[in-house]
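Below are some notes on the model, set out point by point. Please read them with the structure open.

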Amino acid sequence: MSLNHLHYETIIRTTVPIAITVVISFLYTKKVEHHQTQLRHIARSDHLTGLYNRRKLISWLKNKEHTVSNTTGHLLFLCLGVDNFKHINDQYGHEFGDNLLRKIAVTVEQQLAAMNITNRDTVISRVAGDEFVVGVYGSLPYSLVKSISTELLKSVNKIECVNGISLSVDACVGLTARSRPFCYEQVIKEAHIAMYEAKKVSKNQMRFYSSKLAKKVKEKLNIVELLKSALVNDEFYLVFMPVYGPTGHRITGAEALIRTHNDALSTYTPDVYIPVAEEHGLIHQLDEMVIRKAFKTLKHSSLNQLDTFSLAINISSQQLKNKHFPKMANTMALEEEIDPNQIEFELTETALVDFDQTSIDIIKQTKTYGFRVALDDFGTGYTAFSQLQNFPVDTLKIDRSFTSNIDGKNIDQGKMVDVILSLAHLYNLNVVAEGVENSEQLDYLKHRHCDSYQGYYLSKPISWHEMLALINHEST
Ligand code: C2E
Ligand code: CA
Ligand code: CA
């Protein structure tokens, strides 16, 4: 064997394993890298839709925190929330809900691509259940900002069928924008606040975050804290607005109205803080407290068990979703020895509660205990007159805006009152006219056989004792 041959053999023996090791480790590294990329993708993407998740969204936003400027580009940040998603999930099941979210994700992506938004520096993500967030960075004229949200809403509305089931999908959009350095947490918060405000208005709405909106939200949160502490410290009391019978001379009942001793809260009227209590889950506690106080007041008075006197108590229309309400009211009446026939619960017709079968059942059950039910502020809400026959209510309260239209000079102004009165008589309903502020209004209503009246002309809301004194004075 030549020396040369030996040399080659040595070279081959040493280099081939090295080459194999190099190739293997190269392939291994590639595989690890691929794996890592996949892991990174999983860590940054939403498992359900494949869109970016909250983490990736935050890192994208953080990158922009200090680069945003008027000259180089703006940031547009948009939060889209599906309306009534929980309801859809409950009704059709979670798998259906998941498929709907996937469909929305694809729709959002396709719509943004169709508008050439995705060629920009963009992030599309799902941050929580039914909330999608889009961030766009670049030169963004206002018209484009507006059309992004309207087109997104339109495209989501166009989803008509999931899993072979047809449905209509609604959503709301909250927007915020930046042209200066910002804090990412604030931007996320603002888009959410704007979206929740949009949702409060109605379906398929969009709202831009503004400092005015921020102030409103802050004030509301302050009211929430005041309500909580007033509830804990028992700082509420009731005043009573006398209700007069057909002649307008005799008190036949009263409406309990909430008031507070809490100085800070008393700077707001119930019109302001009751809706806040409704929005922030405090209304059940508040309504129960009012009912208890009203029952206790009646219990300890000469008017208790007097069937010529009726006490009206306002309750939130949210009670129409509360299956425990009728029993709770009845138990309380038993505890306080109140005859339910003396009590009338007043419900305001609102857009938020549709009178579905559940709410009709709750009204019916409340009535089986002997309580009566009135529809408050009638005429301002959403009840079609033709639907009245389906509502098991006893009384209609004509809203004071209609009463104030009766001015004695212009006869046409009272037309709405006339319509309500004839309709109520047709359905055998009792009618109370609210907001009677002068003798002309009272005379007009008397001539049209209204059943009862209340208003500043007759009496302002007063304490229970003051009202008892008025009643005693009548009978002397
Ligand atoms: P509402 O049930 O329609 O009550 C009538 C409101 O109109 C009362 O205001 C009353 O003071 C006022 N009012 C009555 N007559 C006249 C009048 O002739 N002229 C004028 N200008 N105003 C009149 P208040 O007490 O501020 O209550 C506002 C609303 O807050 C109530 O409207 C009711 O929706 C709600 N509310 C009041 N107390 C309670 C309560 O205890 N529970 C619940 N859930 N809501 C309540
Ligand atoms: Ca009322
Ligand atoms: Ca009313």
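1. Donors to a metal are taken here as N, O and S atoms within 2.8 Å, or within 3.2 Å for Na, K and Ca; water is not among the atoms, so sites may look incomplete. The model is a predicted one. On that footing, the calcium ion (ligand 3) is coordinated by Asp-376 (OD), Asp-377 (OD) and Glu-434, which appears twice through OE, at 2.1 to 2.5 Å. The donor residues follow the sequence spacing D-D-x56-E.

2. Which residue bridges the calcium ion (ligand 3) and the calcium ion (ligand 2)? Asp-376 does, and the two ions lie 4.0 Å apart. The pair Asp-376 and Glu-434 links distant parts of the chain: Asp-376 belongs to strand E12 (residues 372-378), while Glu-434 sits in the loop between E14 and helix H14 (439-447), 58 residues apart. Both Asp-376 and Glu-434 are buried.

3. The second largest pocket holds about 300 Å³ of space. Its lining comprises 20 residues, and those nearest the centre are Thr-252, Gly-253, Ser-310, Arg-372 and Asn-430. Strands E9 (251-260), E10 (310-315), E11 (343-348) and E14 (430-433) each give two or more residues to this lining. The largest share, three residues, is from E9. Sorted by class, the lining has nine polar, six charged and five nonpolar residues.

4. The largest nonpolar core contains 77 residues. Leu-227, Phe-236, Phe-309, Leu-311 and Met-467 have the most contacts inside this core. Helix H9 (residues 283-299) supplies the largest share of the core, eight residues. Another core, of 36 residues, lies apart from this one and includes Leu-51, Val-136, Leu-140 and Val-169.

5. Met-467 deserves a separate entry. Setting aside neighbours within four places in sequence, Met-467 is in contact with Phe-240, Pro-242, Ile-251, Ala-254, Leu-303, Phe-309 and Ile-462. Of these partners, Phe-309 is also listed among the residues with the most contacts inside the largest nonpolar core.

6. Is Glu-336 buried or exposed? Glu-336 counts as buried because its relative accessibility is 4%, and the cut-off for buried is under 20%. Glu-336 is placed in the loop between helix H10 (325-335) and E11. With neighbours within four places in sequence left aside, Glu-336 is in contact with Arg-292, Phe-295, Lys-296 and Lys-299.

Key. Residues numbered from 1 in each chain as written. Chains lettered and ligands numbered in written order. Predicted model: local features only at pLDDT ≥ 70, side-chain atom pairs only at ≥ 80, totals over all residues. Heavy atoms only, no water. 1 Å grid on protein atoms, 1.4 Å probe; cavity = no way out; pocket = protein on both sides within 12 Å on 5 of 7 lines; lining within 4 Å. Points joined across faces, edges and corners; volume = space filled by probe spheres on them. Helix = DSSP H or I, 4+ residues; strand = E, 2+ residues; numbered from the N terminus. Nonpolar A, V, L, I, M, F, W, Y, C, P; charged D, E, K, R; others polar. Buried < 20%, exposed > 50% of the residue type's maximum accessible area, 1.4 Å probe, protein only. Contact = heavy atoms within 4.5 Å. Core = buried A, V, L, I, M, F, W, Y, C linked by side-chain atoms within 4.5 Å.
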